[in-house]
Amino acid sequence: MNLEKWMNWLSDIQKKMPFDTLRAALIVGTYILGEIGFFPFGSTFRLGLGSVFYVLCLYTFPRLATLVNGCLTGAVVVFIRVIADRFIYVRPLSWHNLILENAPALIYYLALTGGILVSKVKYWKSNTIKTSLYFMVFDLIANLLEFAFTANVHTTWHSIYVLALGAGVKGLFFLAFIATTELFRQRILQEKEREKFQGQLLMGATLYAEGFFLKKIMKEIEEATEKSFQLYQEYLPESASLSQQNELLKLAEKIHEIKKDTQRVFSSLESLIEPNDYTRIDLGEALDLVVESQQRYAFAHHKEVQWLRSSGSNHYFVENFFPILVVVNNILANGIDAIARSGEIAVVWHVREGTLYLHLGNTGKSISPDDRELIFLPGFTTKYSDSGTASTGIGLTHVLHVLAEVKGTVSISQTEGRQIWTWFHVQLPIV
């Protein structure tokens, strides 16, 4: 995310940039923006944006808020203006008069810095509006001091109104910049929270699917435990030696230990994927999270996928959404894998009478009629890597087991037109 990179870059600058480099940037930026303004009283007194940049720098880098920096900034601004008046604008004044005309700018920056130090700039960030009001007041006071020392002008109520208006405008500039920065920061935090929540959902969906295979393992271990103990009892008579009986007993005990360990793992797994740990989620939002994840998956595999989404239902909240995530996540991933370089994927859904109808289509490599009968079998795959290595062929088996658990169904069809579409039609109750 470019915005996040920019904020991270700014944070790195705050921590790593040498103090002298920051000071130079402060002085140069203040002078350049200070030339953007106007002369409201027909004298050398000006209202510019340099002070806005100056205060923003002190707000962002509190370690710059020192009287030394205020003095250096004012002195450099005065020096450059005197040089510019002498050699660029060729004003017919002596060096002494040029310095007297521009010197009040030094008073302005000293007064502004003093106000910032008194108010402790490092604590300003708690209230942006209060910070802007502080800046307006300090700017007005500093401008009044500068104005009082400016030659050939007199303080009147009109001039005070103009200075107050100028302070208000600059305060609004400052507030707008800070508010925009805070908005960007909040957007970055929201995106991070969304990605974190999305990752938790998808991880939960993966664990939910693996839980079915763990149940299968537990059932088989239970059967193996019972069988091994039966064998032990059958060989208790004198037909078996004592060592054989002991070996059978040890085998039964080991299988029993595996069973107990598996039960503990499954209990922990269930606590991780307990749906009640999550709040109810909008079905459309849950599907959007899966699609966003698959978009990143497609991008990582250098595939250009156009996503088509359509919903025949408005907001519909569900609690046990893990089965839905498992099904959609696996089928969409298979659709991306079926696409060579570019293609389309469609996600169409609606809810009717407590049943979710999902239609997930892609324009990738089509599935032959013979393969449709085998595609849900464990280990069966039509996908091979560039080196010829077959995939695990377990994704659609997950889908089938999850749907069987929640009494759902899935079927496959193909439509022909401008492109051949492969569709997975899923139905599952969500009441």
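**Figure 1. Tryptophan 95 and the residues it touches.** Setting aside neighbours within four places in sequence, tryptophan 95 is in contact with Val82, Ile83, Arg86 and Phe87. This is a predicted model, so keep in mind that local features here need a pLDDT of at least 70. You'll find tryptophan 95 in helix α5, which covers residues 95–102. Its relative accessibility is 38%, so tryptophan 95 counts as partly exposed, a label for values between 20% and 50%. Look for aspartate 85 too: that residue sits 10 positions away along the chain, and the two C-alpha atoms are separated by 9.7 Å.

**Figure 2. Serine 132, tucked inside helix α7.** Serine 132 belongs to α7, the helix made of residues 128–149. With just 2% relative accessible area, serine 132 is buried, because anything under 20% gets that label. Not counting residues up to four places away in sequence, serine 132 touches Gly171, Phe174 and Leu175.

**Figure 3. Where helix α2 meets helix α4.** Here α2 (residues 19–34) packs against α4 (residues 67–88), with the two axes 10 Å apart and an angle of about 45° between them. That angle makes α2 and α4 oblique to each other, and the crossing is right-handed. On the α2 side, the contact is built from Phe19, Arg23, Leu26, Ile27, Thr30, Tyr31 and Gly34. On the α4 side, look for Val68, Asn69, Leu72, Thr73, Val76, Val77, Ile80 and Arg81.

**Figure 4. Helix α2 again, this time with helix α3.** The partner here is α3, residues 50–60, and its axis comes within 7 Å of the α2 axis. The two cross at roughly 155°, and because angles over 145 degrees count as roughly antiparallel, that is how α2 and α3 are described. From α2, the residues to pick out are Ala25, Leu26, Gly29, Thr30, Leu33 and Gly34. They meet Gly50, Phe53, Tyr54, Cys57 and Leu58 of α3. Leu26, Thr30 and Gly34 may look familiar, since these α2 residues also take part in the contact with α4.

**Figure 5. Helix α6 from end to end.** Running from residue 104 to residue 118, α6 has 15 residues. Its first and last C-alpha atoms are 21 Å apart, close to the 21 Å expected at 1.5 Å a residue. The buried residues of α6 are Pro104, Ala105, Tyr108, Tyr109, Leu112, Thr113, Gly115 and Ile116. After the helix comes lysine 120, which has a positive phi near 60°.

**Figure 6. Helix α10 and what flanks it.** The 18 residues of α10 (residues 283–300) should span 26 Å at 1.5 Å a residue, and the end C-alpha atoms are indeed 26 Å apart, so the two values agree. At the start of α10, a side-chain oxygen of aspartate 282 comes to within 3.1 Å of the backbone nitrogen of glycine 284. Buried along the helix are Leu283, Gly284, Ala286, Leu287, Leu289, Val290, Val291, Ser293, Gln294 and Ala298. Just past α10, histidine 302 takes a positive phi of about 55°.

**Figure 7. Stepping back to the protein chain.** These close-ups come from a chain of 431 residues, of which 41% count as buried. Its secondary structure adds up to 13 helices and 9 strands. Among contacts with a separation of 6 or more, 71% link residues 24 or more positions apart.

How values were computed. Residues numbered from 1 in each chain as written. Predicted model: local features only at pLDDT ≥ 70, side-chain atom pairs only at ≥ 80, totals over all residues. Heavy atoms only, no water. Helix = DSSP H or I, 4+ residues; strand = E, 2+ residues; numbered from the N terminus. Expected span 1.5 Å × (residues − 1). Buried < 20%, exposed > 50% of the residue type's maximum accessible area, 1.4 Å probe, protein only. Polar contact = N/O pair within 3.5 Å; in protein donor to acceptor, adjacent residues only side chain to side chain. Axes fitted to C-alpha atoms, helices over the stretch in contact; angles between N-to-C directions. Parallel < 35°, antiparallel > 145°, perpendicular 65-115°, else oblique. Left-handed = near helix turned anticlockwise from the far one by under 90°. Contact = heavy atoms within 4.5 Å.
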